[in-house]
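Trainee: Could you take me through this structure and show me how to read its features one at a time?
Mentor: Gladly; let us have it in front of us and begin with how helices pack.

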Amino acid sequence: MTAEIGFGAQSRAVYAENPVNSRGRLFPEDESPTRTPFQRDRDRIIHSSAFRRLKHKTQVFVYHEGDHFRTRLTHTIEVSQIARSLARALRLDEDLAESLALAHDLGHTPFGHEGEDVLHEAMAPFGGFDHNAQSLRVVTHLEQRYAEFDGLNLAWETLEGLVKHNGPLVGPGGNPLGKFKGGELPFAIREYAEQQDLLLNTWPGGEAQAAAIADDIAYDAHDLDDGLRAGLFAIDDMRAVPFLADILAEVDGKYPGLEESRRIHEIVRRSITRMVEDVIHESVRNISQVDPRSPEDIRMAGRCLVGFSEQMTAAEKEVKRFLFARVYRHHDVLAVRRLVARVVKDLFSGFLADPALMPSPWNEGLQSLNETDIARRVCDYIAGMTDRYAIEEHRRLFDDTPDLG
């Protein structure tokens, strides 16, 4: 493995993932003389086609609604910045945390969660759809760039953190947990588990936990920012949320008469700072209680160690409730969601009825596929689309493409 010298060995905690001790890759490769395995994973993710397509995938607002709103790509970059900050403060491996943050949304559909919901419903007879599982499928199968393997052949630690960054997926007996309880794990996860054991019954390492909470912090903050700038609610409306009211009072007390754009930014950045600092303080306390001596101790702790305090958890839930009511369920947002839902539904039904309509290479080798395999290929094709490419494909196949303007 790569020598530890030069890769921050002095600052890494004993419970952090150490690239020197990586469990390796599914397909063995010579190690890089200049990069750790996790740095190499980060670079492969950034250079992937799926990563570039995030530029034109919806976060909340569809691409035509303005150039200053977050896209799935800018959201991902913000998550990676926060994840690195948390990892540095907690002496975790920054490169692994960054890789996980950069990859966490590679499986997202066009048009945000609306696209995911439509694909999940359409795929119900064929095993359903889940964007987290699709991210795993992207990096292990759908990216086809390398001569010797499909996917990106990422390190075990990266794949493990990607697939279960929100916690264990199965219990001790192998039964699915969380949102999969009472059913089965998504197809992509079940398929990959036949090739490599990602310890689906344990918590992930600290780096994955840092990336997961960074995701929450980032989208809470930037959805407030985008919602304000879109005029979906006013600054004074935030006084209904104690956490935000306190920040607003702090900003107005220090900068009376501040122009609105700067006022918004001060609120957003202070929200991020408070949440990040809370995670650091709470995580240090949790880690001290468990006293992990290895990454495996983090996995076997039986609970998440990198996260909010009880007080911040309650505050963050209030922020989410506010965003749900004022942004995600706003009539303007819902109107666009209904239109884009029709686009995805039409594309799926059209391609499923005649998969030969998909371009090459998606329309190749169809004769050897059963209905479920064809549905999965159609799903993979649509899930990889950007917003505007989905609109273009709809216009190619149908005469009544919705006008999102």
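**Reading helix packing, confidence and local geometry**

Mentor: In this predicted model, helices α1 and α4 pack with their axes 8 Å apart and at an angle of about 20°.

Trainee: How are α1 and α4 oriented to each other, and what is the handedness of their crossing?

Mentor: Two packed helices are described by the angle between their axes and the distance between those axes. Angles under 35 degrees count as roughly parallel, and α1 and α4 are therefore roughly parallel to each other, while their crossing is left-handed. On the α1 side the contact is made by Phe38, Gln39, Asp41, Arg42, Ile45 and Ile46, and on the α4 side by Asp95, Leu96, Glu98, Ser99, Leu102 and Ala103. Divided by class, the residues of this contact are six nonpolar, two polar and four charged.

Trainee: At what angle do α4 and α7 cross?

Mentor: The axes of α4 (residues 94-103) and α7 (residues 156-163) cross at roughly 50° and come within 10 Å, and the two helices are therefore oblique to each other. The crossing of α4 and α7 is right-handed. Here Leu96, Ser99, Leu100 and Ala103 of α4 meet Glu157, Thr158, Gly161 and Leu162 of α7, a contact with four nonpolar, three polar and one charged residues.

Trainee: How many salt bridges are found, and which parts does the pair Arg12 and Asp93 tie together?

Mentor: Side chains of opposite charge can pair when their charged atoms come close. A search of the whole structure finds 45 salt bridges, and one joins the side chains of Arg12 and Asp93 at 3.4 Å, N to O. Arg12 lies in the segment before α1 (37-46) and Asp93 in the loop between α3 (72-90) and α4, so the pair ties together parts that are 81 residues apart in sequence.

Trainee: Where does the backbone have a cis peptide bond, and which residue that is not a glycine has a positive phi?

Mentor: Most residues other than glycine have a negative phi, and most peptide bonds are trans. A cis peptide bond joins Ser360 and Pro361, with omega about 5°, and Pro361 is in the loop between α14 (331-353) and α15 (371-383). Asn153 has a positive phi of about 50°, and its place is in the loop between α6 (131-142) and α7.

Trainee: Where does pLDDT stay under 50?

Mentor: Where pLDDT is low, the predicted coordinates should not be read in detail. The mean pLDDT of the protein is 92, and 95% of its residues reach 70 or more, but pLDDT stays under 50 over residues 1-9. Over residues 63-68 the pLDDT is also below 50.

Note on methods:
Residues are numbered from 1 along each chain as its sequence is written. This is a predicted model: local features need pLDDT of at least 70, side-chain atom pairs count only at pLDDT 80 or more; totals for chains, interfaces and linings use all residues. Side-chain values use heavy atoms; hydrogens and water are left out. Axes are lines fitted to C-alpha atoms, for helices over the stretch in contact, and angles run from 0 to 180 degrees between N-to-C directions. Helices (H or I, at least four residues) and strands (E, at least two) are DSSP runs, numbered from the N terminus. Angles under 35 degrees count as roughly parallel, over 145 as roughly antiparallel, 65 to 115 as roughly perpendicular and the rest as oblique. A crossing is left-handed if the near helix is turned anticlockwise from the far one by less than a right angle, and right-handed if clockwise. Contact means heavy atoms within 4.5 Å. Ala, Val, Leu, Ile, Met, Phe, Trp, Tyr, Cys and Pro count as nonpolar, Asp, Glu, Lys and Arg as charged, and the others, Gly among them, as polar. pLDDT is the predictor's confidence in each residue, from 0 to 100. A salt bridge is a side-chain nitrogen of Lys or Arg within 4 Å of a carboxyl oxygen of Asp or Glu.
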